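I opened this entry to log what I looked up, one region at a time. The coordinates come first, then my notes.

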Amino acid sequence: MSMKPKPNSKFSILFTFLVLLSFLIVVVRSSDVAVEGKEAGSEGDLDDLEQLLAVDEQLQEERPEQQSEAETVSKAQRIVVELNGDNTKRLIDGNEYVMVLGYAPWCARSAELMPRFAEAATGLKEMSSSVLMAKIDGERYSKVASQLEIKGFPTLLLFVNGSSQPYTGGFSSEEIVIWVQKKTGVPTIKLDSVDKASGFMKKHHTFILGLFENSEASSGYDEFVKAASLDNEIQFVETSSSHVAKLLFPDLKTNNVFVGLVKTEAERYTAYDGPCQAEKILEFLNSNKFPLITKLTESNTVRVYSSPVKLQVMVFSKTDDFETLAQSLEDTARRFKSKLMLIYIDISNENLAMPFLTLFGIEDTKKTIVAAFDNNLNSKFLLESDPSPSNIEEFCSGLAHGTVSPYYKSEPIPENQNSSVVAVVGRTFDELVLKSQENVLLEVHTPWCVNCEAVSKQVEKLSKHFKGFENLVFARIDASANEHPKLEVDDYPTILLYKTGEKENPLKLSTKSSAKEMAVFINGELKPKDRSTKDEL
């Protein structure tokens, strides 16, 4: 059951929700393969598998033009060993490295990840990796999956000498290969020839290059390798050849020690000019690894949120409308690089856009919206003027210099004539509650709150009981549609008594109290002088 996030839960709930929205695709399941007289996944099976793959490779060499995509996928999937109730423990204990994918046949996210996992297995095999790639149907073999601590689907775990560690990389086949290689002692790829570099560039489009003329003897080499080991996402490449380095990084202007980042975007080549220290190299990488404008997808939400650049400007727009802004946005992103991060979200993708737009109370918008989040301060901002290139740049400049005020959503100002309980919205909270010369009893509720309706009836009853009571106003605010920096409520319903002269420290009434008990509490706090205590309802 989906629930709207509470206003003050803000960013932790939002991004947890976003992570759960990734990977929607039709369910695909790899069929089990059994060899008569042999146990699935046994050493005999693995030998047979190698022989079959060798036949595949020979046939591909003889008739490469006839090699279909389906055959390629089928071959890749056969590289992945199917675990079951009998072979799991032996294979995990008997191999130094085992990468396990726990899946379920009905899980759409599993269906999307499985072919990528198979492609990664193929890539690792071509690199002569010693990692055994395996998968297990966690629904069919639930007991075994539980023993492996597979608690959801899909789950990726790397077993090193029988001990598991969770997967923390990306979900493309390339990202899986990079993560596995780094976790199994191969943090960098060494390229010693132009031919190898050319082949590498056909498969890898984002990487960080290190040129060290004398390899291990070069200053900073150990720090470069250390940085490669600590990073989980980007492929590190090392070479001692200036010719190889210039092929990978054409802007190279030195034959000495050099480190640079290559990406597939407008700002393709970025040289590092700091000291060759692991910590500094990683800082450089984290600040530059994203494109000038990052398109948010289901698979990169966690990476985007964990970026060290916590001030993130989001452009919600249709594809055609965004293309008209793209060039100017790149210029703006380049100007404020390292200070803020520009992110594009397709507004027609409701799974991605709607949770963010809900936080601003503008779920129904169809036009281009520019908003921002400061994940350090838990603040949000909204460009309320026309999203023209000049206005967007001015908005970003104000964010970078801290001159833009945080945004708090509010419903339109309502009519409150002859209302026994005054409706308060975000825009009127100051006037009707904090700056009011009267005592205010405020009910804070939400539409999805189970107990709010009953409490609202009690407040209505109290408002009629205290009708004519001097200096006491009854009010309510819908916290799902209205916010204010001084209204910090995490539980609904909540009843607060704002006493005259003490508005900064409202008193909280128990919502479990009866109407009579609340009346006694109100009388006791306000101590009316010209009226006898009223506590009978």
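**Sheet, strands 1 to 5**

I began with one residue pair: Val-98 has Leu-132 of strand 3 as its bridge partner. A caution before going on: this is a predicted model.

I then looked up the strands around that pair. Strand 2 covers residues 97-103 and strand 3 covers residues 132-137. The two run parallel and are joined by six bridges.

What is the strand order in the sheet? I read it as 1-3-2-4-5, in an open sheet of five strands with mixed pairing. The edges are strand 1 (81-82) and strand 5 (163-166), each of which pairs on one side only.

Next I checked strand 4 against strand 5. Their pairing is antiparallel and runs over four bridges. Phe-159 sits opposite Ser-164 of strand 5. The hairpin of these strands has two residues between them, and Asn-161 there takes a positive phi near 50°.

I also asked what lies across the sheet. Helix 5 (residues 108-126) lies across strand 2, strand 3 and strand 4 (155-160). I noted its angle to strand 2 as about 160°.

**Asp-93**

I looked up Asp-93 and found it in helix 4 (residues 88-94). Is Asp-93 buried, exposed or partly exposed? Its relative accessible area is 45%, so I logged Asp-93 as partly exposed. I then took its distance to Ser-163. The two are 70 residues apart in sequence, yet their C-alpha atoms are 8.9 Å apart in space.

**Cysteines**

How many disulfides are there? I count one disulfide. It joins Cys-449 and Cys-452, whose sulfur atoms are 2.3 Å apart. That falls within the 2.5 Å cut-off for a disulfide. I looked at its hand next. The torsion about the S-S bond of Cys-449 and Cys-452 is about 95°, so this disulfide is right-handed. Both Cys-449 and Cys-452 are buried.

I checked two other cysteines for exposure. Cys-107 has a relative accessible area of 7%, so it is buried. Cys-396 has a relative accessible area of 0% and is buried too.

**Helices 13 and 15**

Cys-396 turned up again when I looked at how helix 13 packs on helix 15. Helix 13 covers residues 319-335 and helix 15 covers residues 389-400. Their axes are 10 Å apart, at an angle of about 20°. The pair is therefore roughly parallel. From helix 13, the contact takes in Leu-325, Ser-328, Leu-329, Thr-332 and Arg-335. From helix 15, it takes in Pro-389, Ile-392, Glu-393, Cys-396 and Ser-397. I noted the crossing of helix 13 over helix 15 as right-handed.

**Helix 14**

How many residues of helix 14 are buried? I find eight of the eleven in residues 350-360, so helix 14 is largely enclosed by the rest of the structure. The buried ones are Leu-352, Ala-353, Pro-355, Phe-356, Leu-357, Thr-358, Leu-359 and Phe-360. Gly-361 comes just after helix 14 and takes a positive phi of about 70°.

**Helices 17 and 18**

I started here from Ser-463, which is in helix 17 (residues 452-465). Its relative accessible area is 6%, so Ser-463 is buried. Which residues does Ser-463 touch, not counting residues up to four places away in sequence? I get Ser-420, Val-421 and Phe-474.

Then I turned to the partner helix. Helix 18 covers residues 515-526, and its axis is 10 Å from that of helix 17. The packing angle is about 50°. Helix 17 and helix 18 are therefore oblique to each other. Helix 17 passes helix 18 in a right-handed crossing. On the helix 17 side I listed Gln-458, Lys-461, Leu-462 and His-465. They meet Ala-515, Met-518 and Ala-519 of helix 18.

**Whole chain**

Last, I looked up the totals. The protein has 18 helices and 20 strands. It has 537 residues, and 48% of them count as buried. I also checked contact range. Of the contacts with a separation of 6 or more, 71% are between residues 24 or more positions apart.

Technical notes: Residues are numbered from 1 along each chain as its sequence is written. This is a predicted model: local features need pLDDT of at least 70, side-chain atom pairs count only at pLDDT 80 or more; totals for chains, interfaces and linings use all residues. Side-chain values use heavy atoms; hydrogens and water are left out. Buried means under 20% relative accessible area, exposed over 50%, partly exposed in between (1.4 Å probe, protein chains only). Two strands pair if DSSP finds at least two bridges between them. Contact means heavy atoms within 4.5 Å. Axes are lines fitted to C-alpha atoms, for helices over the stretch in contact, and angles run from 0 to 180 degrees between N-to-C directions. Angles under 35 degrees count as roughly parallel, over 145 as roughly antiparallel, 65 to 115 as roughly perpendicular and the rest as oblique. A crossing is left-handed if the near helix is turned anticlockwise from the far one by less than a right angle, and right-handed if clockwise.
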